[in-house]
Amino acid sequence: MKQLYFYIILFLFVFEGLFAQNNIVGYEYWLDGAYADKQSLQVSPVENFQWQATIPYSDLANGLHVFNTRFKDKNGYWSSTVSSYFYKMPTVGGDNSIIEYEYWLDDTYSAAVKESVTASSVLQLSQLMDFGKLSNGLHQLNIRFRDKSGQWSSTLSRYFHKLPDLSQNKIIAYEYWLNGDYENKVSTAVQTPQTFIVLDSIDASRVTEPKNSISLRFKDEAGQWSSVVTSDFYRPAEAGFTYIAGLSDVAFTNTSRFADTCEWDFGDGKTGHQINPKHTYEPGVYRVKLTVENGNNIDSAIHYVEIKGIRTLSSNRGGNAGIATVTFYGGGLTGNTQVILTNGGNQISGENVRLLTNGELEVEFNLIG
């Protein structure tokens, strides 16, 4: 006799008070909706009950069924019913080889095609199916198999898409849009030849963020659109800044575009990452550089900042035995700068004034006598 085994573990959580020591003393089970044919059993009082039952099912019809069980405690209260589905398969004996299969498209079972095959326990199907008269679009292929006992398998269904003949198909148009804004898409017709570079025609001037996305799709002669291809792109970073110089303090204004990060080199050995920084200088001429970046794009801008005045000089002493050469370092210095050495009421004007570089002036003094 065929037997059906069920393993059921029921745990009762013990609460203080009302449910303390609330042991299981019995249970009952039945199949499907046949509660009148239930089986009732008693058990020794236990808190945690593990039940293993052997249930005859030889008279049960093939197909889907429900197993139901519930438990009773020592106070006479029944638990909620626990139900589980199971499927009884038909008895298969002897040679259960596949001898036939049939397939049909969509819901047209009346047009199913049946094919006999050499009896085999495992069938590797390779069948050329004629879909020439099938319309383009989405369809469903259904197939099932029959064994020697006459039993059919469950139906296996798979979706597929029949495409039009694209052997001579050509692209006739494309459209693109930026940052998901399909309402403002740009549509362009394509003329032969078919080899063209789309990026040469894309206008990204209206985007205002460093990182953006572009979505693109193509239309063929059959009027079909391709899938949408979306990629991220960065607008090239554009570095720029202006400044206002005071007696020693300089205020910088960052005018860069499409930048994620910025780095300042103030020209005096100091750096910074503020958007619009202020910086204090000693007199001199400084090469200030701003570098901005987004993604893999880097750009920089350079300005020379001049603070007027003398920062230092060398040499700072000379004797009356000859010519003393002094180099002045600072800002506002030119080749026409007048340099005068005073000693009490005496004045000695500098000779051979030469501007070596921005912020560096060389002057000779005749100290003879």
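**Exercise 1. Contacts along the chain**

Find what share of the contacts with a separation of 6 or more comes from residues 24 or more positions apart.

*Solution.* Take the contacts in the protein with a separation of 6 or more. Residues 24 or more positions apart account for 52% of them. Keep in mind that this is a predicted model.

**Exercise 2. Overall form**

Set the radius of gyration of the protein beside the value for a compact globule of 369 residues.

*Solution.*
- Step 1. A compact globule of 369 residues would have a radius near 21 Å.
- Step 2. The protein has 46 Å.
- Step 3. Now turn to the C-alpha trace. Along the principal axes it spans about 140 × 80 × 40 Å.
- Step 4. Add the secondary structure. The protein has 27 strands and zero helices.

**Exercise 3. Surface and charge**

State how much of the protein is buried, and describe its accessible surface and its charges.

*Solution.*
- Step 1. Of the 369 residues, 29% are buried.
- Step 2. The accessible surface comes to about 24,600 Å². Carbon and sulfur atoms hold 49% of that surface.
- Step 3. There are 29 positive and 39 negative charges. Their mean positions lie 5 Å apart.

**Exercise 4. The largest nonpolar core**

Identify the members of the largest nonpolar core that touch the most other members, then trace the strands that supply this core.

*Solution.*
- Step 1. The core has 16 residues. Phe241, Phe252, Trp264, Tyr281 and Val288 touch the most other members.
- Step 2. Four strands each supply at least two residues of this core: E16 (249-254), E17 (261-265), E20 (284-294) and E21 (297-307).
- Step 3. E20 gives the largest share, four residues.
- Step 4. Look closely at Phe252. Leaving aside neighbours within four places in sequence, Phe252 is in contact with residues including Phe241, Trp264, Tyr281 and Val288. Its other partners include Thr242, Tyr243, Pro277 and Val305.
- Step 5. A second, separate core has 11 residues. Among them are Tyr27, Leu31, Trp51 and Leu60.

**Exercise 5. Gln140**

Decide whether Gln140 is buried or exposed, and list what it touches.

*Solution.*
- Step 1. Locate the residue. Gln140 is found in strand E9 (residues 137-147).
- Step 2. The relative accessible area of Gln140 is 18%. The cut-off for buried is under 20%. Gln140 is therefore buried.
- Step 3. Leave aside neighbours within four places in sequence. Gln140 is then in contact with Trp104, Leu105, Asp106, Ser157, Arg158, Tyr159 and Phe160.

**Exercise 6. Phe258, a loop residue**

Work out where Phe258 sits, how accessible it is and what its backbone does.

*Solution.*
- Step 1. Phe258 is in the loop between E16 and E17.
- Step 2. Its relative accessible area is 8%, so Phe258 is buried.
- Step 3. Phi of Phe258 is near 60°, a positive value in a residue other than glycine.
- Step 4. Tyr234 is 24 residues away from Phe258 in sequence, and their C-alpha atoms are 8.1 Å apart.
- Step 5. Neighbours within four places in sequence aside, the contacts of Phe258 include Val207, Pro210, Arg235, Pro236 and Asn294.

**Exercise 7. Three more loop residues**

Classify Tyr77, Asn179 and Gly332 by accessibility.

*Solution.*
- Step 1. Tyr77 lies in the loop between strand E5 (63-73) and strand E6 (82-88). At a relative accessible area of 59%, Tyr77 is exposed. Leaving aside neighbours within four places in sequence, Tyr77 is in contact with Phe71 and Lys72. The C-alpha atoms of Tyr77 and Asn22 are 9.9 Å apart, with their positions 55 residues apart along the chain.
- Step 2. Asn179 is in the loop between strand E11 (171-178) and strand E12 (186-189). Its relative accessible area is 43%, so Asn179 is partly exposed. Phi of Asn179 is near 55°, a positive value in a residue other than glycine.
- Step 3. Gly332 is in the loop between strand E23 (323-331) and strand E24 (340-343). At 32% relative accessible area, Gly332 is partly exposed. Residues up to four places away not counted, Gly332 touches Glu306, Lys308 and Thr337. Trp30 is 302 residues from Gly332 along the chain, and their C-alpha atoms are separated by 105 Å.

**Exercise 8. A cis peptide bond**

Name the residues joined by a cis peptide bond with omega of about -10°.

*Solution.* The bond joins Ser314 and Ser315. Ser315 lies in the loop between strand E22 (309-314) and E23.

Methods. Residues numbered from 1 in each chain as written. Predicted model: local features only at pLDDT ≥ 70, side-chain atom pairs only at ≥ 80, totals over all residues. Heavy atoms only, no water. Core = buried A, V, L, I, M, F, W, Y, C linked by side-chain atoms within 4.5 Å. Buried < 20%, exposed > 50% of the residue type's maximum accessible area, 1.4 Å probe, protein only. Contact = heavy atoms within 4.5 Å. Rg over C-alpha atoms; globule rule 2.2 N^0.38 Å. Areas by Shrake-Rupley, 256 points an atom, 1.4 Å probe, with all protein chains shown as cover. Lys, Arg positive; Asp, Glu negative; His and termini not counted. Charge placed at Lys NZ, Arg CZ, Asp CG, Glu CD.
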